[in-house]
Amino acid sequence: MPTPSLASLPIRRLTLRDLAACADLSEDRGWPREEHKWGFLLTAGKGYGIDDPDGGLVSACVVTEYGPQERPALAAIGMVLVAERHARQGVGRRLMRHVVSAMGTTPLTLHATPYGRPLYEELGFKVTGRAEMVCGRFTPGGPQSVVATRAATAEDLSAILRLDEQAFGTDRTHIVTRLPAFADQLRVAEEDGRIIGYAAAWPNMDTHVVGPLIARDTPVAQALIASLAAHTDRPLRTDIDVRHTELLAWAKERGLASIAFNSVMSYGITELPGDWSHRFAPVTVAAG
């Protein structure tokens, strides 16, 4: 039997049954397997992939939609991967064109590496921002924070959801309500009994990723990071909007080093909804 051409292989929806194949694909490209993150994304969003006739996946990606289910206000694309043996043959472009078409008029966003950015620009995505990844062991120090933080409880959920929607610009209930199971920590900052910020730390290999990080201002964001660091013995990693220069400088003073920059890109909108001044870090760059 002749081997089917890549262009003729069907694109299908992925499910949790494809978790191992997605992790294998990550490993094939030199990424960590990230099974915990793949599982989260495949249940909270929609996976798309192309099966390899020889086994495994040729390519995969995940789309996470936000806002009303019948008419999403925004969708984030992430984990766009093509197996090494099929790279540079137009597979990623074909999968991305399929996803853009499937999303219709829904505005799209993604975080692009320098390697992936030319493809996305070719498809019509525009750069609307940048994020800086920082990672390292957090070293306490500096003036004592006056911001009160504590572990979140079930009673905090409605207040967290209101705060999140104001910052993100659309409803993320299906993401936020999964955080207690996905993350090892979920903490809030409060003032006079009112929640003024929240953050999660979830496990990713030997680090804890801080995200989402939503806060009234920079001191609140700092207090949340410090409180998460105080309750883990792992290094922290997070992706901070580069407009938050004060937070980035503080994080580097506390031991987190710059690792990489990603371009925040959008399609169908000129800027992301919500209030960036309260939005410090995404859940993960794969989900916005």
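**Packing of helix α9**

In this predicted model, the buried residues of α9 pack against five elements: β6 (126-136), β10 (207-215), α8 (218-229), β11 (236-241) and β13 (279-281). Helix α9 itself spans residues 245-253. Its buried residues are Leu247, Leu248, Trp250 and Ala251. Viewed down the axis of α9, these buried residues fall within an arc of 165°, so they line one face of the helix. The other side of α9 carries exposed residues, namely Thr245, Glu246 and Glu253. After α9 comes Gly255. The phi of Gly255 is positive, near 110°.

One of the packing partners of α9 is helix α8. The two helices pack at an angle of about 30°. Their axes lie 10 Å apart. An angle under 35 degrees counts as roughly parallel, and α8 is therefore roughly parallel to α9. The crossing of α8 and α9 is right-handed.

Residues from both helices make this contact. From α8 come Thr218, Ala221, Gln222, Ile225 and Ala226. From α9 come Glu246, Leu247 and Trp250. The residues of the contact between α8 and α9 divide into 5 nonpolar, 2 polar and 1 charged. Leu247 and Trp250 of α9 take part in the contact with α8, and both are buried. Glu246 of α9 also takes part, yet Glu246 is exposed.

Definitions and conventions:
Residues are numbered from 1 along each chain as its sequence is written. This is a predicted model: local features need pLDDT of at least 70, side-chain atom pairs count only at pLDDT 80 or more; totals for chains, interfaces and linings use all residues. Side-chain values use heavy atoms; hydrogens and water are left out. Buried means under 20% relative accessible area, exposed over 50%, partly exposed in between (1.4 Å probe, protein chains only). Helices (H or I, at least four residues) and strands (E, at least two) are DSSP runs, numbered from the N terminus. The arc is that of the directions from the helix axis to the C-beta atoms. Contact means heavy atoms within 4.5 Å. Axes are lines fitted to C-alpha atoms, for helices over the stretch in contact, and angles run from 0 to 180 degrees between N-to-C directions. Angles under 35 degrees count as roughly parallel, over 145 as roughly antiparallel, 65 to 115 as roughly perpendicular and the rest as oblique. A crossing is left-handed if the near helix is turned anticlockwise from the far one by less than a right angle, and right-handed if clockwise. Ala, Val, Leu, Ile, Met, Phe, Trp, Tyr, Cys and Pro count as nonpolar, Asp, Glu, Lys and Arg as charged, and the others, Gly among them, as polar.
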